[in-house]
Amino acid sequence: MASTASCSRQSILTTMSRCWGWARRGKEETWPLYRRRAESQTTEGGHEGLANQEDLIVLTVDSYDLIFAGGPEEILKKFQQTNHKVVFAAEGLVWPDKRLSDKYPSVRSGKRYLNSGGIIGYAPYISRIVSQWDLHDNDDDQLFYSKIYVDPLQRLNLNMTLDHKCQIFQNLNGAVDEVLLKFGTDRVRVRNTAYDSLPVVVHGNANTKMYLNYLGNYVPNAWNYEQGCGVCDDDVLDLSELRELPTVLVGIFIEQPTPFLPEFFHRLLTMDYPRDKLRLFIHNNEVYHEKHIQSFWEANRNVFSSFKVVGPEENLSQGEARNMGMDLCRQDSTCDYYFSIDADVMLTNRQTLKLLIEQNRKIIGPLVTRHGKLWSNFWEGVWNIPFMAHVYLIQGTTLRTELKERNHFVLEKLDSDMAFCRNVRELTSHREKDSPSPESFHMLRPPKGVFMYITNRHEFGRLISTANYNISHYNNDLWQIFENPVDWKEKYIHQNYTQIFTHNYLEEPCPDVFWFPVLTEKACDELVEEMEHYGSWSGGKHEDKRISGGYETVPTDDIHMKQIGYEKSGFTSSESLFHP
């Protein structure tokens, strides 16, 4: 894809210098070509001040969707090795006018077609090209350059060529499969495996922005094996220098039956952040959880600066509920951050909120994973990511500027998380009204530029599995030993249980009888409640149809684990705890 805004003859060199430019004076190779100098010589009426400098080399690139993997020395060396006066970036797809395809000169190897997202050349020759511009600013510059390049006479007179084998420019569109990361000791480069080249300018044209963001997590010095993350401490916020901590609106979303919800609320209460700086918005879509929310609200309604609950009676979709929570922060100028968290997130790090704020990103989430499973709350990437869900922090100023639209979570048939991420990162198409001719194509608006980040600099917590959560029992968390074993053990296994083995933590009240802690009081209470709720006791008779043979030698008034569907869970827990 070409640049997002074509340039008129009066301003094109100025725009080029804003992207990147250097001057070469004889044998000296010390630059840069400063913007103010370029602007002083490109006033209304022409660019003769630069056009007549035969030893001036000008580089122009698209400004918002590329990465520089190398420096000016490498670019100049590779340009001079081409022995041409002007070099355009190349790609394997012809755009925007496919009718020009046959007019391009054939190539034995390499990319055949021009891409105007990267141009380098001597100023007089660049000037002769751009002087031919007689269209509108919103017309397609790639079509303009393509028509000049496919003209054999102009191509010869202006000594133009394409960077066929991506020595300088790498366009990703149609070439993602050719591009890999090459890790060095102190930096990371992009390598084109088709031509074994190391491009200096990596251009994420067309629909390759997400892959460009992935490359940007490493290239050129964002991360490497030797030093780790090279940008993690850039522009961080020192909370110790603030007079008071920012105000945070916490949006809590309970969209399906979720195990260990009381424990989720407990972790929220124990988070290391002043409660008078926290405001709560809770959306509950499950009638089953109303008792948990009622209990939490009654105990903490006066703890937080504000507390709003929207229940299932409102019949809101997930997207509508998330829009509502986010808009509460957007409409309140005193809301500094919006922290969205789903009830299936167990934050075990009490510093989570502070750590996210300190990173000073517009949108950032903590890395949380599902225990023992290859699943997390983001897809590909280490820092800049294309998708996130479940838990993230957004700056309030971002909500009131770049994300000021009220709807970000309802889009076509996408679920709310996918809709949000797409709305944040994607391009929006726009056709200009006054295109001068049918062959002049519309340009794409630049992306909103709100990157989403993930941080894994600390351990933050884990995701709860909700897929097989059965709420037909009285105390449903008891059955979660298979789906969520870590949370099950934290809730039901006594904190001193492991000391049986490490510190001989047990008592022997009489010979060969041992007492030691296994279950928590909560586990015992819930098991008793479960049996009482079932209510069908055996009656203490010898006749017992529940067992093989139908006869109990030493009868007791009991309920078997099998009767309440707990036989498998109970056996597994007993085996894991008591097996020699």
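How many nonpolar, polar and charged residues does the lining of the largest pocket have? In this predicted model, the lining of the largest pocket comprises 21 nonpolar, eight polar and eight charged residues. The space within this pocket amounts to about 900 Å³, and among the 37 residues that line it, Lys-209, Asn-213, Asn-384, Phe-451 and Tyr-453 are the closest to its centre. Several secondary-structure elements contribute at least two residues each to this lining, namely strand E3 (66-68), helix H8 (209-216), strand E20 (384-385), helix H14 (416-425) and strand E22 (452-455). The greatest contribution is that of H8, which supplies five residues.

Enclosed space was also examined, and two cavities of 30 Å³ or more are present in the structure. The largest cavity has a volume of about 70 Å³, and its lining consists of Arg-370, His-371, Lys-373, Arg-462, Leu-463, Ile-464, Ser-465, Glu-483, Asn-484, Pro-485, Val-486 and Asp-487. Strand E23 (461-463) and helix H15 (485-492) are the elements that give two or more residues to this lining, and the largest share, three residues, is that of H15. When the lining of the largest cavity is divided by class, four residues are nonpolar, three are polar and five are charged.

The second largest cavity, with a volume of about 60 Å³, is lined by Phe-264, Arg-267, Leu-268, Met-271, Phe-339, Ile-341, Val-345 and Leu-347. By class, this lining holds seven nonpolar residues, no polar residues and one charged residue. Helix H9 (261-269), strand E16 (337-342) and strand E17 (345-347) each provide at least two of the lining residues of the second largest cavity, with H9 giving the most, three residues.

Burial and surface exposure were considered next. Helix H5, which spans residues 123-130, is mostly covered, as six of its eight residues are buried; these are Ala-123, Pro-124, Ile-126, Ser-127, Ile-129 and Val-130. On the surface, a nonpolar patch is formed by Leu-506, Phe-514 and Phe-516, which together have about 260 Å² of accessible area. Within this patch, Phe-516 belongs to the loop between strand E25 (513-515) and helix H17 (521-534), and Phe-516 is classed as partly exposed because its relative accessible area is 37%.

The backbone was then inspected for less common conformations. Most peptide bonds are trans, and most residues other than glycine have a negative phi. A cis peptide bond is nevertheless found between Trp-95 and Pro-96, where omega is about 10 degrees, and Pro-96 is placed in the loop between strand E4 (86-91) and strand E5 (113-122). A cis peptide bond also joins Val-219 to Pro-220, with omega of about -15 degrees; here Pro-220 is located in the loop between H8 and strand E11 (223-224), and H8 is the helix that gives the most to the lining of the largest pocket.

Positive phi values occur in residues other than glycine at Asp-196, where phi is near 50 degrees, and at His-390, where phi is near 80 degrees. Asp-196 is part of the loop between strand E9 (188-192) and strand E10 (201-203), whereas His-390 is part of the loop between E20 and strand E21 (391-395). Asp-196 counts as exposed because its relative accessible area is 56%, whereas His-390 counts as buried because its relative accessible area is 13%.

Technical notes
Residues are numbered from 1 along each chain as its sequence is written. This is a predicted model: local features need pLDDT of at least 70, side-chain atom pairs count only at pLDDT 80 or more; totals for chains, interfaces and linings use all residues. Side-chain values use heavy atoms; hydrogens and water are left out. Patches are made of residues with over 30% relative accessible area and no salt bridge: like charges are joined within 9 Å, nonpolar side chains (Val, Leu, Ile, Met, Phe, Trp, Tyr) within 5 Å. Accessible areas come from the Shrake-Rupley method with a 1.4 Å probe; for residues, only the protein chains shown count as cover. A salt bridge is a side-chain nitrogen of Lys or Arg within 4 Å of a carboxyl oxygen of Asp or Glu. Helices (H or I, at least four residues) and strands (E, at least two) are DSSP runs, numbered from the N terminus. Buried means under 20% relative accessible area, exposed over 50%, partly exposed in between (1.4 Å probe, protein chains only). On a 1 Å grid over the protein atoms alone, a cavity is a set of points where a 1.4 Å probe fits but cannot get out, and a pocket is an open set with protein on both sides within 12 Å along at least five of seven lines; lining residues have an atom within 4 Å of a point. Grid points are joined across faces, edges and corners, and a volume is the space filled by probe spheres set on the points. Ala, Val, Leu, Ile, Met, Phe, Trp, Tyr, Cys and Pro count as nonpolar, Asp, Glu, Lys and Arg as charged, and the others, Gly among them, as polar.
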